[in-house]
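Have your viewer ready, with a selection box and a distance tool at hand. We will go from stop to stop, selecting a few residues each time.

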Amino acid sequence: MRRGTALNWVSVNPLLAQGEFGMETDTDFLKLGDGVRHWIDLPYFLGPTGPTGYTGYTGYTGYTGYTGVTLDQE
């Protein structure tokens, strides 16, 4: 794994080999090289996304009530 500050990575803009990680030591962000794109063109490595958590109980829906009288309007 190659390491450097964010400013250093941007100013040098190296090409990371396929599967090579680069770490910004001041932000702890990672990028994963593909052997084709330079540093500034690579997205940050976010890793796999975990499962969606439990949304919880929504609660009881209360009584709606009755509909009142409708009057004709002329």
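This is a predicted model, and our tour starts with its salt bridges, of which the structure holds 2.

**Stop 1: the salt bridges.** Select R2 and E20 and show their side chains, which meet in a salt bridge with an N to O distance of 3.7 Å. This pair links distant parts of the chain: R2 belongs to strand 1, while E20 lies in the loop between helix 1 and strand 2, 18 residues apart. Turn on the surface, and R2 counts as partly exposed at 33% relative accessibility. E20 is partly exposed too, with a relative accessible area of 21%.

Now select D34 and R37, whose side chains form a salt bridge at 2.7 Å, N to O. D34 is partly exposed at 25% relative accessibility, and R37 is partly exposed at 37%.

**Stop 2: the strands.** Go back to R2 and look across to strand 2, where G22 stands opposite. Strand 1 covers residues 2–4 and runs parallel to strand 2, with 3 bridges joining them. Follow the chain from strand 1 through helix 1 (residues 6–12) to strand 2, and you trace a right-handed β-α-β crossover.

Next, select M23 and find L30 opposite in strand 3. How do strand 2 and strand 3 run, parallel or antiparallel? They run antiparallel, and 3 bridges join them. The hairpin of these two strands has 5 residues between the strands, and D28 there takes a positive phi near 65 degrees.

**Stop 3: a nonpolar patch.** Stay in the loop between strand 2 (21–24) and strand 3 (30–32), and select F29. F29 is partly exposed, at 45% relative accessibility. Add Y44 and L46 to the selection: together with F29 they make a nonpolar surface patch of about 360 Å².

**Stop 4: two glycines after strand 3.** Select G47, in the segment after strand 3. G47 counts as partly exposed because its relative accessible area is 31%. Use the distance tool from G47 to L30: the C-alpha atoms are 9.7 Å apart, for residues separated by 17 positions along the chain.

For the last selection, take G53, which also sits in the segment after strand 3. Is G53 buried or exposed? At 51% relative accessibility, G53 counts as exposed. Draw a line from G53 to L71, and the C-alpha atoms are 50 Å apart in space, with the two positions 18 residues apart in sequence numbering.

Key
Residues are numbered from 1 along each chain as its sequence is written. This is a predicted model: local features need pLDDT of at least 70, side-chain atom pairs count only at pLDDT 80 or more; totals for chains, interfaces and linings use all residues. Side-chain values use heavy atoms; hydrogens and water are left out. Patches are made of residues with over 30% relative accessible area and no salt bridge: like charges are joined within 9 Å, nonpolar side chains (Val, Leu, Ile, Met, Phe, Trp, Tyr) within 5 Å. Accessible areas come from the Shrake-Rupley method with a 1.4 Å probe; for residues, only the protein chains shown count as cover. A salt bridge is a side-chain nitrogen of Lys or Arg within 4 Å of a carboxyl oxygen of Asp or Glu. Helices (H or I, at least four residues) and strands (E, at least two) are DSSP runs, numbered from the N terminus. Buried means under 20% relative accessible area, exposed over 50%, partly exposed in between (1.4 Å probe, protein chains only). Two strands pair if DSSP finds at least two bridges between them. A crossover is right-handed if, with the strands pointing away from the viewer, the path from the first strand over the helix to the second runs clockwise.
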